[in-house]
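Dear colleague,

I am handing over the structure we discussed, with the sequence alongside. Please look it over first; my notes on what was found follow below.

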Amino acid sequence: MSAPHKLFDTLKEFQTGTGQTGKYYSLPDLEKAGVGPVSKLPVSIRLVLESVLRNCDGKKVSEANVKELANWQPTATRTAEIPFVVARIVLQDFTGVPLLVDLAAMRSAVAKLNKNPKIIEPLVPVDLVVDHSVQVDFAGGADSMAKNLDLEFTRNRERYQFLKWGMQAFDTFKVVPPGIGIVHQVNLEYLAKGVLEADGVYYPDTLVGTDSHTTMINGIGIVGWGVGGIEAEAGMLGQPVYFLTPDVVGVHLTGALREGVTATDLALTVTQMLRKAKVVGKFVEFYGPGATALPVVDRATIANMAPEYGATMGFFPIDAECVNYLRATGRSDEQIKTYENYYKAQGLWGIPKKGEIAYSQELELDLASVLPSVAGPKRPQDRIELPKLKNEFTTAFSKPVTENGFGKPAADLKKTVRVSAGGHLHGGGGSQEGTFAPCANEREMANEHNSPDAVSGKAPQLHGDVGNGSVLIAAITSCTNTSNPSVMLAAGLLAKKSSGAWPGCESSGEGVAGAGVARGVGLPEQDGSAAVSRQTGFQPGGLWLHDVHR
């Protein structure tokens, strides 16, 4: 980081709460300098403004950029781009490995020029979490997760050697191995610091990630969203992420969720409301007494769904609930004191009340009006109220595809097929031996992109009738839900209640519970409900994103 500037005399000091003082770029002092009505801006815009102010160097970020954003108007025509320098980068393995390859190639090129290859180094912290590419080969047993993990390291040995090299070669590049958790959950519970420090200057935790659901981090008051690989790589090298100055939609939440209504029900309701409001490319900021009452895990569930409702972010401001979450997930008392003191000094503490902030558009939602819901019938962002599920599915079955139906003849609804399978060893994957092919491209595909290793295991017996409406994929997993222990436990209890609850309801006993973090696997043991997994066949299959066919 270059020497701190003193633009608009905003470089000030605050008490960190640990007996020391720290420097920071003061947004209240920016307003006192007459630059703009900063205190009336949405909280999400102010956090971006702090980055623009702090990184103003007259080159990548200009004084004009600071003035323009400080005078953001709720309903102005959007033509200007914001040069946003993020504090860190989060990668998942599918998109992160190619970026590491690029860094390695750059070092190789520098070495060929007889220069020091170590000059190629990410300028901001980069964390790569391995979770997307892991697959479930074993399910339904107490040792399923351990077997899947062992096979993953065997199957992708070369890739893990490369990632380990990356960790050793680059000071700012870290890897979270498989078996730790889903990238968004690891980001929320472990990687997020809330406030960062460099050269004695403190600043907000901000990021971009190479996954659309990076927005889960918005649930704890951190600005961040998903981007493509090129933007992430630019951010790694200290370049700004450019985006069009956004509208900010304020969602005023009141009331409280009724008993039996989950955060997933709320997320589906919010998604449906915001899709109707057409929030694509906009920031969404939640405020009001209802937002204050929601725990961070519920806020994260709503924020995670931002790609489904089309917004760049689904942001919840910083308050005491964020402190509770940070403390509960292992942050030190010193970190928490600094976090709280910093945001209070910036005038960013607390969720705004109605009328305190000027938004581009304001929407209202009474949490007490939210009903138990099911996603669907076809898209995850659609919603069916639970009491209407049977009628909605029956109607959608013969509705035209153009009207979000399945386009099937109504008479086929009751058709079934008898299925009898399992009880024998079954293979997965194929041979790893080299293949001769006359074409060079075919040889390269066969020899360099082999199919997964063959896997054998005893398949459970499956006998039953399969018809339209039968559940053929069953997995307690989703990056939207795994942030929330209450929802994960509810899913387990639902599996327990449904097992054998209806005549003719048969199960292969091959289910998977994919918790977001390692601690999630221990929940059934801690609360005495371990029998749920044993009774239903939903055993922990892994700590990553997956689903399993049943």
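Please keep in mind that this is a predicted model. To begin with the helix packing, helix 4 and helix 8 cross in a right-handed sense, and the contact is made by Leu99, Asp102, Leu103 and Met106 on the side of helix 4 and by Gly229, Ala232, Glu233 and Met236 on the side of helix 8. Sorted by character, the residues of this contact comprise 5 nonpolar, 1 polar and 2 charged. The angle between helix 4 (residues 93-112) and helix 8 (residues 229-236) is about 50°, with the axes 10 Å apart, and the two helices are therefore oblique to each other.

Turning to the sheet, 5 strands form an open, parallel arrangement in the order 6-5-4-9-10. Strand 6 (173-176) and strand 10 (223-226) stand at the edges with a single partner strand each, so one side of each has no neighbour in the sheet. Neighbouring strands are turned against each other by 20° on average, direction ignored. Helix 4 also packs on this sheet, where it touches strand 4 (88-92), strand 5 (126-129) and strand 6, and its direction makes about 115° with that of strand 4. Strand 9 (residues 206-209) is joined to strand 10 by 4 bridges, and Leu207 has Gly224 of strand 10 as its bridge partner.

Finally, Val270 lies in helix 9 (residues 263-277) and counts as buried, because its relative accessibility is 1%. Leaving aside residues up to four places away in sequence, Val270 touches Phe286, Ile302, Tyr309 and Leu365. Val270 and Leu367, although 97 residues apart in sequence, are separated by 9.9 Å from C-alpha to C-alpha.

With best regards

Definitions and conventions:
Residues are numbered from 1 along each chain as its sequence is written. This is a predicted model: local features need pLDDT of at least 70, side-chain atom pairs count only at pLDDT 80 or more; totals for chains, interfaces and linings use all residues. Side-chain values use heavy atoms; hydrogens and water are left out. Axes are lines fitted to C-alpha atoms, for helices over the stretch in contact, and angles run from 0 to 180 degrees between N-to-C directions. Angles under 35 degrees count as roughly parallel, over 145 as roughly antiparallel, 65 to 115 as roughly perpendicular and the rest as oblique. A crossing is left-handed if the near helix is turned anticlockwise from the far one by less than a right angle, and right-handed if clockwise. Contact means heavy atoms within 4.5 Å. Ala, Val, Leu, Ile, Met, Phe, Trp, Tyr, Cys and Pro count as nonpolar, Asp, Glu, Lys and Arg as charged, and the others, Gly among them, as polar. Buried means under 20% relative accessible area, exposed over 50%, partly exposed in between (1.4 Å probe, protein chains only). Two strands pair if DSSP finds at least two bridges between them.
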